[in-house]
Structure formats: structure tokens, C-alpha cells
Amino acid sequence: MYVEIDENSGFCFGVVRAISRAEVALSESDGEVYSLGDIVHNRMEVQRLEDMGLRTVTHDDMEALQGRDLFIRAHGEPPTTYTRARELGIHVIDATCPVVAQLQRKVVAAHEQMESVGGQVVILGKRGHAEVVGLTGQVANHAIVIEREEDLSAIDFSRPIFFLSQTTQSVGLFWRLADKMREMLDDESKLTVDDTICRRVSNRESALRDFAARFDVVIFVCGKKSSNGKVLFDVCRNANPHSYNIEEQSELVDEWFKDCNSVGICGATSTPAWLMRQVADAINERFA
């Protein structure tokens, strides 16, 4: 059996940067470093960093962290988090992805523009996702978050619209929804569209589609919480119906590899390379 790992899969720039900063902070710290939420949406990588001293906390835990180091992950945070940290005497290590930070500034500018004309800011994103919470928090939650076409009913089409996106959303979905908005407006000039999807992520879709089509079986490795993982796994499954999503090697199923001659292994932007190698080794040991 031939097993190949997709060289384009794995951590994106923002996650690599955040992991590196966390490792440096842990090496320099006298005690523990506290991450506000999972540093990456991958349980195995979180466990690795926890073994080094990283502790995952929530906003409710901040009051007990006075004088400690608090790590802001790549997804970013709303301004209220930084204000509260200053008030509590918490030292913030800010690893917000530069692409996300730029989008946060764009959301603020879009809100100011729409406020002046009685319009509304609409963001394509997953409700409750850390990045989206950070984005809407830039404008005191005065933004409409949509996930699919059915959510368009939340928009007032008699008013101007500024449409942006969470960085890891599907480009195809974004532009389909933008076209739908134009159809529903009485004057399409009322719509401003800014495609803010990270191209370092979105460009993986076409490459992943080609990769998945080459193999008898595709194993897509990603954490259950990964929004980007859900998008990219759908790309794999559409290209190859024999695609399976796992979080770790223990989830491999013997039946998947019956009469299989080739396996492709790939993952999300939150999937560490070491984990994909671990899965490849397990397949080689059990099925090759």
C-alpha cells in the first residue's frame, strides 16, 4: 500500500506563529502560561503544549490570573478582553494572526462607514467561533453573522450592506451569498463586498481537491472544533467519496482499507505535521 502525506496540509502561517510564540513564552516563564481558549483547534497539539506548561482558561478565570501571563491565540479577541486584562494586572502575550488583526480593523472601518449611511455590517462566519467573537466584538456586536443562505433573512435589504468574511470560510460560499444579496437589493450599489478570506487558506481548496482525487482512500486529520477543517474535509469528500475524518490514529477503521492500494493523508490549517506523520506510520504498520 502506498501512503502519502499532503505537503500543503498542516499549520497555516498564523498558527505556526502562535505556536512558536507559546513555546518561547513557556521556555522563558518561571511558571505556567495561560491560554485564553484552546491555542489551536486540535486536541493532540493542545495536549503537547499542556505537557510543556500551557494551561487553557476561559474569560471567567481571568480574575484569578492577576500578575500572570495570558496568551491570546491566533483567532484574536475583542477589545473588552484587553481592557479587562489591564484592569486585572495581567500580562498579555498577543499572538493574534496578522491577517485576523487586519480584518478586525476592516470591520471597525466598515461599521463606521455603514453607521454614517444607516447601513449594516454582515459577516460570513461560524457563530460562536473565537475569530467571529473577536470580529463582532470590535464593534460592540453591532454586526450580523450569517452561516448560510437561509440566514439572509436576518438582513434588512432596504438598507446598505457591507459584507465581509471570517478568514477561514469558503470562497465559493462567500461569493454565492454576495450574488444573492445583490439580487435581493433594490439597488445593488447599496452592497459593498470585501473578500477577507485568507488566501493562504483558501488556495488550499483546489490543491486539496486534486490531492484527494489521486487516492483510493483519503484520511483527513483534524480536531473536532476546527471550522477550517469542516470546510476542507467537505472538499476532500466531494473529490473522493472514500474520505474519512479522524482526530487521531486510534480512530482508524480496518474496513476503510479493504482492497485499498493507495492512501492520501491531509489535514486542516490547525493540524500539526507530526500528527499526520503519526497517522501515516499507523497505517503503514497496520495495513501496508
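How many cavities of 30 Å³ or more does a search of the whole structure find? In this predicted model, the search finds three. Let's start with the largest cavity, which holds about 320 Å³ of space. Its lining is made of 24 residues, and those nearest its centre are Cys12, Val15, His75, Thr168 and Thr269. Helices H1 (13-28), H4 (98-117), H7 and H9 each give two or more residues to this lining, with the largest share, three residues, coming from H1. By character, the lining of the largest cavity divides into 11 nonpolar, 11 polar and two charged residues.

Cys12 deserves a second look. Cys12 is buried, with a relative accessible area of 14%, and Cys198 is buried too, at 13%. Neither is bonded to the cysteine whose sulfur is closest, Cys97, because the distance is too far: 6.1 Å from the sulfur of Cys12 and 6.3 Å from that of Cys198. Indeed, the whole structure has zero disulfides.

Now move to the second largest cavity, with about 40 Å³ of space. Among the residues lining it are Asp6, Asn8, Arg204, Ala207 and Leu208, and helix H8 gives the most to this lining, with three residues.

That brings us to H8 itself, which spans residues 204-213. Its buried residues are Arg204, Glu205, Leu208, Phe211 and Ala212. Seen down the helix axis, these fall within an arc of 125°, so they line one face of H8. The face turned away from that buried side carries the exposed residues Asp210 and Ala213. What covers the buried residues of H8 includes strands S1 (2-5), S10 (217-221) and S12 (262-267), together with helices H6 (171-184), H7 (199-202) and H9 (227-239).

Note on methods
Residues are numbered from 1 along each chain as its sequence is written. This is a predicted model: local features need pLDDT of at least 70, side-chain atom pairs count only at pLDDT 80 or more; totals for chains, interfaces and linings use all residues. Side-chain values use heavy atoms; hydrogens and water are left out. A disulfide is a pair of cysteine sulfur atoms within 2.5 Å. Buried means under 20% relative accessible area, exposed over 50%, partly exposed in between (1.4 Å probe, protein chains only). Helices (H or I, at least four residues) and strands (E, at least two) are DSSP runs, numbered from the N terminus. The arc is that of the directions from the helix axis to the C-beta atoms. Contact means heavy atoms within 4.5 Å. On a 1 Å grid over the protein atoms alone, a cavity is a set of points where a 1.4 Å probe fits but cannot get out, and a pocket is an open set with protein on both sides within 12 Å along at least five of seven lines; lining residues have an atom within 4 Å of a point. Grid points are joined across faces, edges and corners, and a volume is the space filled by probe spheres set on the points. Ala, Val, Leu, Ile, Met, Phe, Trp, Tyr, Cys and Pro count as nonpolar, Asp, Glu, Lys and Arg as charged, and the others, Gly among them, as polar.
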